[in-house]
Amino acid sequence: MASQLLLPPNPLTKSTPAKLFFTGDDSTLKRKSKHATRVSNGFSLRANAALRSNHSSSVEIPSQWYNIVADLSVKPPPPLHPKTFEPIKPEDLSHLFPNEIIKQEATLERFIDIPEEVLEIYKLWRPTPLIRAKRLEKLLQTPARIYFKYEGGSPAGSHKPNSAVPQAYYNAREGVKNLVTETGAGQWGSSLAFASSLFGLNCEVWQVANSYHQKPYRRLMMQTWGAKVHPSPSDLTEAGRRILQVDPSSPGSLGIAISEAVEVAAGNEDTKYCLGSVLNHVLLHQTVIGEECIKQMEAFGETPDVIIGCTGGGSNFAGLSFPYIREKLKGKINPVIRAVEPSACPSLTKGVYAYDFGDTAGLTPLMKMHTLGHDFIPDPIHSGGLRYHGMAPLISHVYEQGFMEAISIPQTECFQGAIQFARTEGIIPAPEPTHAIAATIREALRCKETGEAKVILMAMCGHGHFDLSSYDKFLRGELVDLSFSEERIRESLSKVPHVV
């Protein structure tokens, strides 16, 4: 069922009663303070960590990351060497990652201690708020109770620093001087640039060309924090030159940008590669989101019936959902856990579960994941962070085990939901979490039809302050839905390596 574009009256018109924009009563406000879980009012976002720390009842920042692999009875298939097709050994990754990251990638330990140096930096924005979207509920006239975990208060404006900071820390501790990475919309690139600046590291970023030109202020953020930024594909790498030779106007993709960054890291001994999603250690770092959220929901006396998050590579979704899946496996709760991906890049809902490369050029290990084919280049949708051909292997495995479900939604419905959300809750979301918003609205409207008072928990992974050109296109009626081509996917899947 498509979402309905319901919008509140303009508060500047005389016909709109002012009380429409005030919800709750005194007891609600007192409860908010007591439990550190806020009913949003569009004006009083907790703007900095100092203010948050004054709330003595706030949950504490988790001291450990959670590794879901420890609790899975069926372990995920191992990554394979791209030439031998044998399971990857730690030494095979040493030219790309520091030792501690390699250990975290393969660990079976349930919890990993977060270093004190990382926790100190987390305090700049964590714990992040859990917000009840009462105005959105009222607009939709739904009995559902909608909560969202908001990660947009970090210096980079998204959840990405949760992993960028520890990755930079471990590299600096092992004496690395230079970091290279890829980025789509720029949220990961800006996060790693921020983290690198704190640890005195040089940072070089290959940004997907489409986003590089669409989102110049993300590039300026990276440069402000000292990073070098290149549009991808570029003529600086062999991988980039090959793509440009075939298509000089290529919009790029995350797979291509990964190839360029990995090529540079592999060719320079003083340089390591950092990845912002997909791999196990990245998903591990992001579980601070879900660990905080469990405590916040408990303090508010709520248990989610439905948990919703957008998926591209999967880090934000895993960060919120994996700690809840742990509780689900224990039999304590039984929520529906729903991933939402763009219709133009539907790796979970339309891809195949197979071993494939994580990049376009075939430089990475082979990973068992849901994939559209490693040389699939998605159409240039505005959710640049979701334009990836594959899904995180760990999410793919959890999906195959039946612990979650997945849907895809076109971008116009997502931006409709974003407008509803912005005009009720006050936050302009990044294009990526608009997919979660659209799915949440669908679920809330189903509750309206059935009368069910479900508790819906949504991952709101970042703000859209640097994505306003996308909103401009939508508001002018120029944004259109882009769909994948079955023929293109068949062609791309035909190139997936055959692993027996």
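Buried means under 20% relative accessible area, exposed over 50% and partly exposed in between, with a 1.4 Å probe and protein chains only. By that rule, 60% of the 500 residues of the chain count as buried. This is a predicted model, in which local features need pLDDT of at least 70 and side-chain atom pairs count only at pLDDT 80 or more, while totals for chains, interfaces and linings use all residues. Residues are numbered from 1 along each chain as its sequence is written, and side-chain values use heavy atoms, with hydrogens and water left out.

**Whole chain**

Colour by secondary structure. The chain has 21 helices and 15 strands; these are DSSP runs numbered from the N terminus, helices (H or I) of at least four residues and strands (E) of at least two. Contact means heavy atoms within 4.5 Å. Among contacts between residues at least 6 apart in sequence, 77% join residues at least 24 apart.

**Stop 1: the sheet**

Select E8, E7, E6 and E9. In that order they form an open sheet of 4 strands with parallel pairing; two strands pair if DSSP finds at least two bridges between them. Strand E8 (228-232) and strand E9 (271-273) stand at the edges with a single partner strand each, so one side of each has no neighbour in the sheet. Direction ignored, neighbouring strands here are turned by 25° against each other on average.

Now narrow the selection to E6 (residues 178-183) and E7 (residues 202-208), which run parallel and are joined by 6 bridges. Pick valine 180: its bridge partner in E7 is glutamate 204.

Add helix H8 (residues 187-198), which packs on the sheet, touches E6 and E7, and has a direction at about 160° to that of E6. Axes are lines fitted to C-alpha atoms, for helices over the stretch in contact, and angles run from 0 to 180 degrees between N-to-C directions. Then add helix H12 (residues 254-266), which lies across E6, E7, E8 and E9 and runs at about 170° to E6.

**Stop 2: H14 and H15**

Two packed helices are described by the angle between their axes and the distance between the axes. Show helix H14 (residues 288-299) with helix H15 (residues 315-329): their axes come within 6 Å and cross at roughly 60°. That makes H14 oblique to H15; angles under 35 degrees count as roughly parallel, over 145 as roughly antiparallel, 65 to 115 as roughly perpendicular and the rest as oblique. The crossing is right-handed, meaning that the near helix is turned clockwise from the far one by less than a right angle, whereas anticlockwise is left-handed.

For the side chains, select Ile289, Gly290, Glu291, Cys293, Ile294 and Met297 in H14, which meet Gly319, Leu320, Pro323, Tyr324, Arg326 and Glu327 in H15. By class, this contact has 7 nonpolar, 2 polar and 3 charged residues. Ala, Val, Leu, Ile, Met, Phe, Trp, Tyr, Cys and Pro count as nonpolar, Asp, Glu, Lys and Arg as charged, and the others, Gly among them, as polar.

**Stop 3: H15 and H17**

Keep H15 and add helix H17 (residues 393-400). Their axes come within 12 Å and cross at roughly 45°, which makes H15 oblique to H17. This crossing is left-handed. Phe317, Ala318, Phe322 and Ile325 of H15 make the contact with Leu394, Ile395 and Val398 of H17. The contact has 7 nonpolar, no polar and no charged residues.

**Stop 4: leucine 394**

Centre on leucine 394, in helix H17. Is leucine 394 buried or exposed? At 3% relative accessibility, leucine 394 counts as buried. Leaving aside neighbours within four places in sequence, leucine 394 is in contact with Ile68, Val69, Leu72, Pro76, Asn280, Leu283 and Phe322. Finally, pick lysine 368: leucine 394 and lysine 368 are 26 residues apart in sequence and 8.8 Å apart in space, C-alpha to C-alpha.
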